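Subject: Structure handover

Hello,

I am passing a structure on to you. Please open it and keep it in view while you read the notes under it.

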Amino acid sequence: MPQNSFTAEYDAVVIGAGNGGLTAAATLAGKGMKTLLLEQHNLPGGFATSFVRGRFEFEPSLHEISDFGPAEDKGNVRKLLEDRIGLNVEWIRVPEAYRLIIPNEIGGKLDVVMPFGIDEFISKAEEYVPGSAPSVKKFIELCGEVVDALGYIAESKGNPDKKVLTGKYSNFLKTAPYTLQQVLDALKMPYLAQKIITAYWCYIGMDVKDVSFTIFGAMFHKYLTKGAYIPRYRSHGYTCALDMRIRELGGEIQYNTRVEKILTENGQIRGIETSHGDRIKTGLVVSNASPHLVYNKLIHPKSEVPDMAYKTCNARKVGFSAFVVYLGLDKSPEELGINEYSYFIYSTPDTNDIYKGFCTLNRPIGQATICLNNAIPDCSPQGTSIVSMTTLFTGDC
Ligand SMILES: Cc1cc2nc3c(=O)[nH]c(=O)nc-3n(C[C@H](O)[C@H](O)[C@H](O)COP(=O)(O)OP(=O)(O)OC[C@H]3O[C@@H](n4cnc5c(N)ncnc54)[C@H](O)[C@@H]3O)c2cc1C
């Protein structure tokens with residue numbers, strides 16, 4: 001490849017302006033690197049965006065962001081956005097963890113509203129399921145150890161001291177090979193308390209008999225301890241603010257520009273080629289596009305793709321797709337009797353059956369529903385409300 005065929009040169013090129021690409025570009029620009037962010041769409045955000053229909057501006061995706069936390073007890077996501085990137089936008093705390101509605105095993109209905117906060121969650125579980133507090137408390141303690149252990153492993157950059165792991169995080173090691181259901185059973189948690197505590201399972205997209213306890217436990221504990229947050233002005237608000245922040249930090253952004261090729265030579269990145277035919281020289285590419293796209297289409301020449309990359313991609317299953325009904329309603333939430341922000345509504349208590357239901361093109365038996373007004377009262381004109389109902393589907397069960 002002749003060196004003079006490049007039209008420009010950057011320290012780093014980021015492919016895609018989704019959450020991942022925007023935060024990567026802001027971080028690189030913040031470190032003083034000459035950074036170019038290229039996005040094929042005409043907007044920043046990827047999934048984190050908004051769309052307008054009539055009087056309503058809908059939030060397409062982010063129901064609640066985990067590991068965010070209040071300003072006085074920041075989670076990792078808030079630390080990244082505010083402390084490291086310097087983003088200054090408004091975030092709203094979601095009022096409750098969730099309302100869960102499922103049929104119970106005796107033909108009635110379990111209908112519970114669960115709060116954030118460890119003590120609050122335990123006492124609410126005890127109120128709904130008397131006698132459940134000790135096992136719920138133990139479960140939350142185990143989840144806390146998982147979070148601490150994962151934090152330690154991250155800090156040690158994948159090279160943890162075995163003595164620390166076995167000494168401080170022995171329950172993390174003991175539970176690591178087990179599923180969520182196995183841990184719940186080992187703790188002898190009452191059946192209905194199990195149903196209440198596992199409501200977030202659909203966020204991971206695996207039923208409780210198959211999902212790793214470690215993965216669920218870390219997510220659950222973050223929601224419980226840090227609460228959940230949403231952007232005040234939909235995801236489009238903060239992704240536009242990130243665009244401005246990247247420019248303030250000296251980064252450059254081009255929309256309507258798809259990266260067609262990542263140019264490589266002798267195992268090294270040399271540059272990229274865009275849909276406009278520009279060839280840009282760089283030694284560092286960060287891709288927000290999926291690994292399948294990077295390894296199957298973008299890396300050029302194909303002979304430079306490492307075998308391990310294909311193996312990693314092929315080892316993966318295709319995740320769930322979301323099917324969402326967005327409703328702009330001409331009644332207020334109070335008039336409609338919608339009192340909570342976040343609802344999980346399942347037609348059967350067995351998550352395995354719901355999971356299998358997500359593999360068929362039939363009427364959904366599980367949904368997550370959000371009423372945005374119950375977190376942001378003025379998100380739609382007075383006397384109206386915004387409700388979104390999400391279910392999942394995959395053809396790769
Ligand atoms: C219905 C729904 C509900 C959700 N709810 C939540 C929630 O409550 N909480 C939560 O945390 N997450 C939620 N998510 C997930 C969350 O929205 C996504 O995980 C996140 O936004 C993905 O960000 P990303 O940067 O990884 O990828 P993406 O948003 O997919 O961004 C990738 C970007 O790269 C661009 N791109 C790709 N290829 C190229 C190329 N060759 N050249 C240039 N640009 C390219 C794309 O156009 C896109 O803008 C939800 C998702 C959905 C669909």
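The notes below go from the whole chain to its domains, the ligand, two helices and a few backbone details.

Please keep in mind that this is a predicted model.

**The chain as a whole**

The chain holds 15 helices and 19 strands. Its radius of gyration is 23 Å, and the globule rule gives 21 Å for 397 residues; the two are close, so the chain is as compact as a globular protein of that length. Along its principal axes, the C-alpha trace spans about 75 × 60 × 45 Å. Of the 397 residues, 38% count as buried. If you take the contacts with a separation of 6 or more, 67% of them are between residues 24 or more positions apart.

**Domains**

The chain is divided into three parts: domain 1 (3–64 + 232–315), domain 2 (98–227) and domain 3 (318–397). Note that domain 1 is written as two stretches of the chain.

The centres of domain 2 and domain 3, taken over C-alpha atoms, are 23 Å apart. Each of these two domains puts 18 residues into the contact between them. On the domain 2 side, β7 (98–103) and α9 (201–204) each supply at least two residues. β7 gives the most to that side, with 6 residues. Sorted by class, the side of domain 2 that touches domain 3 has 10 nonpolar, 3 polar and 5 charged residues.

**The ligand**

Which domains does the ligand lie between? Domain 1 and domain 3 both give residues to the shell around the ligand, so the ligand lies between these two. The shell has 27 residues, and the closest are G16, G18, G20, G46 and H63. Two elements, α1 and β16 (321–329), give two or more residues to the shell. The largest share, 3 residues, comes from α1. By class, the shell divides into 12 nonpolar, 12 polar and 3 charged residues.

**Helix α11**

Helix α11 covers residues 234–248, which is 15 residues. At 1.5 Å a residue these should span 21 Å, and the end C-alpha atoms are 22 Å apart, so the two values agree. The buried residues of α11 are R234, S235, H236, Y238, T239, A241, L242, D243, R245 and I246. Among the elements that cover them are α1 (19–30), β3 (35–38), β5 (56–58), β9 (229–231) and β10 (252–254). α1 therefore appears twice in these notes, as it also gives residues to the shell around the ligand. Just after α11, G250 takes a positive phi of about 100°.

**Helix α4**

Helix α4 (residues 133–155) has 23 residues. From its first C-alpha to its last it reaches 33 Å, close to the 33 Å expected at 1.5 Å a residue. Its buried residues are S135, V136, F139, I140, L142, C143, V146 and A149. Look at the spacing of these numbers with one rule in mind. An α-helix has 3.6 residues a turn, so residues three or four places apart point the same way. What covers the buried residues of α4 includes α3 (118–128), α6 (170–175), α7 (180–186), α8 (191–197) and α10 (213–226).

**Backbone details**

K157 follows α4 and sits in the loop between α4 and α5 (162–168). Its phi is positive, about 50°, although K157 is not a glycine. Is K157 buried or exposed? K157 has 7 other C-beta atoms within 10 Å, so it is exposed; the cut-off for exposed is 12 or fewer.

K188 is a residue other than glycine with a positive phi, near 55°. K188 is found in the loop between α7 and α8. It counts as exposed because it has 9 C-beta neighbours inside 10 Å. K188 and V136 are 52 residues apart along the chain, and their C-alpha atoms are separated by 9.7 Å. V136 is one of the buried residues of α4.

The last detail is a peptide bond. The bond from H300 to P301 is cis, with omega near 0°. P301 lies in the loop between β15 (299–300) and α13 (307–315).

Regards

Notes
Residues are numbered from 1 along each chain as its sequence is written. This is a predicted model: local features need pLDDT of at least 70, side-chain atom pairs count only at pLDDT 80 or more; totals for chains, interfaces and linings use all residues. Domain bounds come from an automatic or database domain assignment. Two residues are in contact if their C-beta atoms, placed from the backbone, lie within 7 Å. Helices (H or I, at least four residues) and strands (E, at least two) are DSSP runs, numbered from the N terminus. Ala, Val, Leu, Ile, Met, Phe, Trp, Tyr, Cys and Pro count as nonpolar, Asp, Glu, Lys and Arg as charged, and the others, Gly among them, as polar. The expected span of a helix is 1.5 Å times one less than its number of residues. A residue is buried if 20 or more other C-beta atoms lie within 10 Å of its own, exposed if 12 or fewer, and partly exposed in between; C-beta atoms are placed from the backbone. A residue is near a molecule or strand if its C-beta atom, placed from the backbone, lies within 6 Å of it. The radius of gyration is taken over C-alpha atoms; the globule rule is 2.2 Å times the number of residues to the power 0.38.
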